[in-house]
Amino acid sequence: DPNVTIREGRARLVGEHTIEVDGETVTGRRLLLATGARTFVPDIPGLEETGYLTNEEIYKLDERPDHLIVLGGGYIALENAQAFARLGSEVTLLQRSGQILSREDKDVAEALTGYLREDGLTVHTNTDVQAVQRANGTVQVEAEIDGARGMITGTDVLVATGLRANTEDLGLEALGIETSGRGFLEVDDTLQTAAPSIYGAGDVIGAPAFVYTAAREGQLAAENALKGTSYDRHATPLPWVIFTDPQVAGVGFGEREAARQGMTVDVSKLPLD
């Protein structure tokens, strides 16, 4: 497309209409920030020195891990844990909260946990990882599980403990643009930041972090920015799916979220076995 110019390099906002890319400036009527997010790495003593994998790096390995220790219990952790278990790795999953999929309904999480264990995964919840070290060619994870201290030994560690937005060093503060939580860009319902000419979309603005919501947000942000429309980014009811086996899927509120919002619900269960 002759109307599209691509410039690669480290970008920084230097004005409401201007970005500096490796010393060169690019000016536009509106700016859209879609810098995405990366794995949030918890501050665990010894983790950086020991070395770890993310969901991107694990697929660049030349050899299958013999024993993969997975930190986390969300969809990225579960999909990768089960995948590598089926590829032949021994897999131990450590989840900080009392259940995997901590935001979902308890019975759904418990059912999936059972299927994962049938697949050969070791799943620990209520886990507090306290230190990581490498010794004798192995990775050793010191953790407190259900109040009992112990050591888990493996060959590799996959960190899948959530996301951190790619917003540092963008020059947001000088323009009065705020972030929240793990650096997520704050936008209003129309995806506009505190700077009227700057919009945000995708994983950089936080949950829900799905490919299809990011695509929709990008389209809405572009239309709102260039046409002056006020399309609302919130999609309800929102469908979602986790690609474990069996899959977990939902649309709209689950029982837990409905209760949190003060709704009274009826629950029906249909066993498929």
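## Exercises on a predicted model: sheets, helices and cores

In this predicted model, strand β6 (residues 67–71) and strand β7 (residues 90–94) run parallel and are joined by 5 bridges.

**Exercise 1.** Place the pair β6 and β7 in its sheet, and determine which strands stand at the edges of that sheet.

*Solution.* Begin with a single position of the pair: Leu68 has Val91 as its bridge partner in β7. Next, extend the view to the whole sheet, which is open and consists of 4 strands in the order β8-β7-β6-β12, with parallel pairing. The ends of this order are taken by β8 (122–124) and β12 (156–159), each of which has a single partner strand, so that one side of each is left without a neighbour in the sheet. Finally, consider the twist: with direction ignored, neighbouring strands of this sheet are turned by 20 degrees against each other on average.

**Exercise 2.** Describe how helix α2 is set against this sheet, and work out which of its residues are buried and what covers them.

*Solution.* Helix α2 (residues 75–86) lies across β6, β7 and β12, and it runs at about 160 degrees to β7. Its 12 residues reach 17 Å from the first C-alpha to the last, close to the 16 Å expected at 1.5 Å a residue. Taking burial as under 20% relative accessible area, one finds Ala77, Leu78, Asn80, Ala81, Gln82, Phe84 and Ala85 buried in α2. The cover over these buried residues includes β6, β7 and β12, together with α3 (106–118). After the helix comes Gly88, whose phi is positive, near 115 degrees.

**Exercise 3.** Identify the elements that build the largest nonpolar core, and follow the contacts of Val70.

*Solution.* The largest nonpolar core has 25 residues, of which Val70, Val91, Leu93 and Ile100 touch the most other members. Two or more residues of this core come from each of β6, α2, β7, α3 and β17 (239–242), and α2 gives the most, with 5 residues. For Val70, once neighbours within four places in sequence are left aside, the contacts are Ala77, Ala81, Val91, Thr92, Leu93, Leu94 and Leu158. Apart from this core lies another, of 20 residues, among them Ile177, Ala195, Tyr199 and Leu220.

**Exercise 4.** Characterise helix α4, beginning with its length and ending with the residue just after it.

*Solution.* Helix α4 (residues 211–227) has 17 residues and spans 24 Å from its first C-alpha to its last, close to the 24 Å expected at 1.5 Å a residue. Buried in this helix are Thr213, Glu217, Leu220, Ala221, Glu223, Asn224 and Ala225, and what covers the buried residues includes β4 (31–33) and β16 (198–200). Leu220, listed here as buried, is also one of the members of the core of 20 residues. Just after α4, Gly228 takes a positive phi of about 75 degrees.

**Exercise 5.** Trace the pairing of β1 and β2, and then place both strands in their sheet.

*Solution.* Strand β1 (residues 11–15) and strand β2 (residues 18–21) run antiparallel and are joined by 4 bridges. At one position the bridge partner of Ala11 in β2 is Val21, and at another Gly15 stands opposite Thr18. With 2 residues between them, the two strands form a hairpin. They belong to an open sheet of 3 strands in the order β1-β2-β3, with antiparallel pairing. Its edge strands are β1 and β3 (24–27), each of which pairs on one side only, and the twist averages 35 degrees from one strand to the next.

How values were computed
Residues numbered from 1 in each chain as written. Predicted model: local features only at pLDDT ≥ 70, side-chain atom pairs only at ≥ 80, totals over all residues. Heavy atoms only, no water. Expected span 1.5 Å × (residues − 1). Buried < 20%, exposed > 50% of the residue type's maximum accessible area, 1.4 Å probe, protein only. Contact = heavy atoms within 4.5 Å. Pairing = 2+ DSSP bridges. Axes fitted to C-alpha atoms, helices over the stretch in contact; angles between N-to-C directions. Core = buried A, V, L, I, M, F, W, Y, C linked by side-chain atoms within 4.5 Å.
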